[in-house]
Amino acid sequence: MLDIKFVKENKELVKENLKKKFQEEKLPLVDEVSEKYTKKTTLQQQIDDLRKERNQTSSEIGTLLKNGKKEEAEQKKERVVEINNTLTKLEQEKEELETKIKEIMMIIPQMIDDSVPIGKDDSENVEIEKFGEPIVPDYEIPYHADICEALNGLDKESAGRTSGNGFYYLMGDIARLHSAMLSYARDFMIDKGFTYCIPPFMIRSDVVTGVMSFAEMDAMMYKIEDEDLYLIGTSEHSMIGKFKDQIVKEEELPITLTSYSPCFRKEVGAHGIEERGLYRVHQFEKQEMVVLCKPEEAMEWYHKMWKFTVDFFRSLDVPVRTLECCSGDLADLKVKSCDVEAWSPRQQKYFEVGSCSTLGDAQARRLSIRAKGENGNYLVATLNNTVLATPRGLIAVIENNYEKDGSIKIPKALRPYMGGKEKIGVK
RNA sequence: GGAGAAAUACCCAAGUCUGGUUGAAGGGACCGGUCUUGAAAACCGGGAGGUCGGAAACGGCGCGGGGGUUCGAAUCCCUCUUUCUCCGCCA
């Protein structure tokens, strides 16, 4: 969400940004919203003037009544009633304008960074850099679900009976490896100086609408029946919501948090739930990083953050690459975003395991998250990035450490979390 | 889940019964000074108080959120949320 004043004063820039994002259909909204804002400002002035008169007159009535001048007071009362009638009308008009302005502002996208490559959709995303050699072993790597099942580590059939498609039981060493990765991811980020958090896994609707669009909400969020509560799709939702309507002290910035949560997603639309595997499921677990910082430091943090994820996967011997999101694929709230993708030796291509984004002040404006500086308050920048989302991350480790004999080598970093085991699935 | 109490500015805290110069007493913190080798303590002095518009003057909103009554609401009514105490239930 942009600042309405910025839009009004930089119409051409905003329009250019829309073109870059291939959203030409929204071009007329820029002029429309600017006009509505001008009207609203005038209306506000009228309303303020009338309120001023009402406040003054009312206090005069008080004085008159004290002095026993009842008739004069009655006259003034009539005037205030008149003012109130006019006010009701004007206020209603203003409210309608405001609603419309907000509606439009919610769909005018954030100004993207100059460095974002221009492209229509995800097919035009740009590979930035590869880390580690994408090795294709001379033996065949089976499908990850088959590997897990062969080790008695996955039961999708039972999960289908208890919960339906898109759920899973992880069992034994595979389940342990899954938890080991999360514990390691947690400690990895704590070592980087981030504060570990466990947030609420359910949030109210006002927080939900603060962090995502209605379309996203319908496609992603599970609602609890008869309660104003939603299961979170990522801990980012709770973590950003934590600061709703807050003014943080400038000296507390940057706020660097790493949060764990299960994540629940309906995955309506998207590409659907994967029948056999663990790649796209209704429930997964994630170690996330969330940063609130001064606006001028956002880009520096953005680059630091995706590098943490790269380092994390490299420490598990997983080759990765970064893929920059092009203008057309960038969600409307984002300034710049890239995916970290892990190498799949089976498919011989990279697949998404994390996503790093800077949203500039977009979320902060929606949720009113400000910092108190020497020269007044300002909106903070918000960023988020995946450290590890698993079972997706688990797939990457399993495929890249699969041995010819059907066992899985445990990367050194995970061994302390696996009771020292160097391999699982040894016959 | 039941019963009661409460929510006032950065923090503590008056005011709410009895509606009217209440931006909202009083502290603390903060800033300046005296004293001190320095600090603390004590004492003296000081401005600002949240937020929005405005260059400013000034003005609007604002006493947990929303709504209502009234010429006028921190104060009365409704509703929601949160916190505390007690009971119940439970990892």
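Welcome to this structure, starting with a strand on the inside. Strand 16 (residues 381-390) is largely enclosed by the rest of the structure, because 10 of its 10 residues are buried. Please keep in mind that this is a predicted model. Besides strand 16, the tour below visits a pair of helices, the surroundings of RNA strand B and a sheet of three strands.

**Strand 16 and its partners**

- Strand 10 (residues 283-293) is joined to strand 16 by nine bridges, and these two strands run antiparallel.
- To find this pairing in the model, look for Cys 293, which stands opposite Ala 381 of strand 16.
- Strand 13 (residues 349-358) also runs antiparallel to strand 16, with three bridges between them.
- Here a handy landmark is Cys 356, whose bridge partner in strand 16 is Asn 385.
- As background, the strands of a sheet pair through hydrogen bonds of the backbone, in either a parallel or an antiparallel way.

**Helix 3 and helix 4**

- A pair of packed helices is described by the distance between the axes and the angle between them.
- For helix 3 (residues 27-66) and helix 4 (residues 70-107), the axes come within 8 Å and cross at roughly 160°.
- Angles over 145 degrees count as roughly antiparallel, and helix 3 and helix 4 are therefore roughly antiparallel to each other.
- The crossing of these two helices is left-handed.
- In the contact of helix 3 with helix 4 there are 18 nonpolar, five polar and 17 charged residues.

**Around RNA strand B**

- Which residues are closest to RNA strand B? They are Arg 51, Lys 52, Ser 58, Gly 62 and Val 80, out of 14 residues that surround the strand.
- Helix 3 and helix 4 return here, as the elements that give two or more residues to the surface near RNA strand B.
- Helix 3 gives the most to this surface, with eight residues.
- Sorted by class, the surface near RNA strand B has five nonpolar, five polar and four charged residues.

**A sheet of three strands**

- Strands 5, 7 and 6 form an open sheet in the order 5-7-6, and their pairing is antiparallel.
- Strand 5 (202-203) and strand 6 (222-223) are the edge strands, each pairing on one side only.
- Two bridges link strand 5 with strand 7 (residues 230-231) in the antiparallel sense.
- A good place to look is Ile 203, which stands opposite Tyr 230 in strand 7.

Methods
Residues are numbered from 1 along each chain as its sequence is written. Chains are lettered from A and ligands numbered from 1 in the order in which they are written. This is a predicted model: local features need pLDDT of at least 70, side-chain atom pairs count only at pLDDT 80 or more; totals for chains, interfaces and linings use all residues. Axes are lines fitted to C-alpha atoms, for helices over the stretch in contact, and angles run from 0 to 180 degrees between N-to-C directions. Helices (H or I, at least four residues) and strands (E, at least two) are DSSP runs, numbered from the N terminus. Angles under 35 degrees count as roughly parallel, over 145 as roughly antiparallel, 65 to 115 as roughly perpendicular and the rest as oblique. A crossing is left-handed if the near helix is turned anticlockwise from the far one by less than a right angle, and right-handed if clockwise. Ala, Val, Leu, Ile, Met, Phe, Trp, Tyr, Cys and Pro count as nonpolar, Asp, Glu, Lys and Arg as charged, and the others, Gly among them, as polar. A residue is buried if 20 or more other C-beta atoms lie within 10 Å of its own, exposed if 12 or fewer, and partly exposed in between; C-beta atoms are placed from the backbone. Two strands pair if DSSP finds at least two bridges between them. A residue is near a molecule or strand if its C-beta atom, placed from the backbone, lies within 6 Å of it.
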